[in-house]
Amino acid sequence: MKDSLRVGLAYIAGSIINKKRYSSLIDQSQNKTYQMSGCFDLGNIDVQNHGEGSKIVGMMSGGDITFFHSVENVSISLRLNGTDFKGHDNGSGKDFTGSVNGKSVKIYDLGEYKNFYYDLGAETFP
């Protein structure tokens, strides 16, 4: 999975599981902070990664989520189970698993066989 897809995935999973919105996401492996914003109303996902200029749009129904990344032109599907999630990257054809623990998000990428760690930034309010 490409880095930009993992960043979007971590932000979306963390925001939905925590039921909060955040202003940024820190990618621990790259020591890089991304300015982000997101709206998760009425089953719709609308996220902007201001740092890379990408938009992520999607839908959620119960624990099932599908979203599309505008820059990478790839869709991701995932299923939430409490604070854990698993899914499929349709670009690489590989699966992933992950979990959210407070403001920390871990993604295990089965395409690269390793963990990636992210921290959600400050909460934003509508």
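Q: Is α1 mostly covered or mostly open, and how many of its residues are buried?
A: In this predicted model, the helix takes up residues 3-18, which gives it 16 residues. Buried here stands for under 20% relative accessible area. By that cut-off α1 is mostly covered, and the buried count out of 16 is 14.

Q: What span does α1 reach from its first C-alpha to its last?
A: At 1.5 Å a residue, you'd expect 22 Å for this helix. The model comes out close to that, with a reach of 22 Å.

Q: Which residue follows α1, and what is its phi near?
A: Helix α1 covers residues 3-18. Right after α1 sits lysine 19, and its phi is positive, near 55°.

Q: Which element gives the most to the largest nonpolar core?
A: That core has 33 residues, and Leu78 and Phe85 have the most contacts inside it. Nonpolar side chains tend to be buried together in soluble globular proteins. Nine of the core's residues come from the top contributor, α1.

Q: How many strands make up the closed barrel, and what does the twist average?
A: Go round from β2 to β11 and the barrel closes, with antiparallel pairing and 10 strands. From one strand to the next, the twist averages 25°.

Q: Which residue stands opposite serine 37?
A: Look at β3 (residues 32-39) and β4 (residues 44-49), which pair in the antiparallel sense over four bridges. Serine 37 faces a residue in β4, namely glutamine 48.

Q: At about what angle does α1 run to β11?
A: The helix lies across β2 through β11, with β11 being residues 114-120. Relative to β11, α1 runs at about 55°.

How values were computed
Residues are numbered from 1 along each chain as its sequence is written. This is a predicted model: local features need pLDDT of at least 70, side-chain atom pairs count only at pLDDT 80 or more; totals for chains, interfaces and linings use all residues. Side-chain values use heavy atoms; hydrogens and water are left out. Helices (H or I, at least four residues) and strands (E, at least two) are DSSP runs, numbered from the N terminus. The expected span of a helix is 1.5 Å times one less than its number of residues. Buried means under 20% relative accessible area, exposed over 50%, partly exposed in between (1.4 Å probe, protein chains only). A nonpolar core is a set of buried Ala, Val, Leu, Ile, Met, Phe, Trp, Tyr and Cys residues joined through side-chain atoms within 4.5 Å. Two strands pair if DSSP finds at least two bridges between them. Axes are lines fitted to C-alpha atoms, for helices over the stretch in contact, and angles run from 0 to 180 degrees between N-to-C directions. Contact means heavy atoms within 4.5 Å.
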